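Visitor: I'd like to go through the salt bridges in this one. Can you take me through them pair by pair?

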Amino acid sequence: GKIQRNHFGGIRAGPGDPVSDSDSGRSSGGGKLMRIYIIEDDISVIHILEDIVESGDLGEICGDCGGEPADVHEVLRARPDVVLVDFFMPVMDGVEFVRELRSFNATIKCIMISQVSAKELISKAYTAGVDFFISKPINLIEVTSVLKNVAKQIQNERTLDNIRHMFMNEIGQKPQNSRESSSYSKKLRYTSSFFCQYISDMEKRSYDPEIYQNRTGIQNCSD
């Protein structure tokens, strides 16, 4: 589908673009830029964020709401890797939007833009599915740092997913005889060791252990 600008200056996804979790496109790997969608009711803030993203080569803007109330399906059609969403939006606030977005897609990274400092509101946002916060007024260094960390997290998750597929493929190749069984066991131990080591390394490199959410479902690799 083709990306089109609306009359408010925002970018809309073209008709016919798929709206599915599998098509959300983890595009940080393979040299491709992260796709970023901006939900903000202040056009000037949208332009500032677009300038930071584009000048810093932090990703590509795949759409914005143009200052209008956000539409979840419109956002999904743009297939973003990351959504920057303002806390206080008309009609549906940022927390409600993230909660609805999560009901359709659990993999898109959600970054909340806000001046909010109240712990209960911040906690409410994290519970709804927000991954990171960016404070207002917009700060070049903070936006750059957060987006770079998100890019690393996406890349780590993609790599981890590939390792998990490799691990499951190894498990699926059941031995036919005792000779193959020995080789199978060695490969399984090696793959399991590599898998657990990667998870350990990835968690050590995560930029904030308090915020990082491991969605792999792996609880303990020490056994």
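Visitor: What does E40 form a salt bridge with?
Guide: In this predicted model, E40 pairs with K136, and the closest N and O atoms are 3.1 Å apart.

Visitor: Where do E40 and K136 lie?
Guide: E40 is in the loop between β3 (35-39) and α1 (43-55), and K136 is in the loop between β7 (132-135) and α5 (140-172), so the salt bridge ties together parts that are 96 residues apart in sequence.

Visitor: Is E40 buried or exposed? And K136?
Guide: E40 is buried, at a relative accessible area of 0%. K136 is partly exposed, at 22%.

Visitor: Next pair. Which residue does E74 bridge to?
Guide: R77, with 3.3 Å between the closest N and O atoms. E74 and R77 are three residues apart in helix α2 (residues 72-77), so about one helical turn separates them.

Visitor: How accessible are E74 and R77?
Guide: E74 has 13% relative accessibility and counts as buried. R77 has 24% and counts as partly exposed.

Visitor: What about K109 and E157?
Guide: Their side chains meet in a salt bridge, 2.9 Å from N to O. K109 sits in strand β6 (residues 109-114) and E157 in helix α5, 48 residues apart, and the pair links distant parts of the chain. Both K109 and E157 are buried.

Visitor: Which residues are joined into a network by shared partners?
Guide: E40, D86 and K136 are joined into one network by salt bridges that share partners.

Visitor: How many salt bridges is that by the count?
Guide: The count comes to six salt bridges, among them E40 with K136.

Note on methods: Residues are numbered from 1 along each chain as its sequence is written. This is a predicted model: local features need pLDDT of at least 70, side-chain atom pairs count only at pLDDT 80 or more; totals for chains, interfaces and linings use all residues. Side-chain values use heavy atoms; hydrogens and water are left out. A salt bridge is a side-chain nitrogen of Lys or Arg within 4 Å of a carboxyl oxygen of Asp or Glu. Helices (H or I, at least four residues) and strands (E, at least two) are DSSP runs, numbered from the N terminus. Buried means under 20% relative accessible area, exposed over 50%, partly exposed in between (1.4 Å probe, protein chains only).
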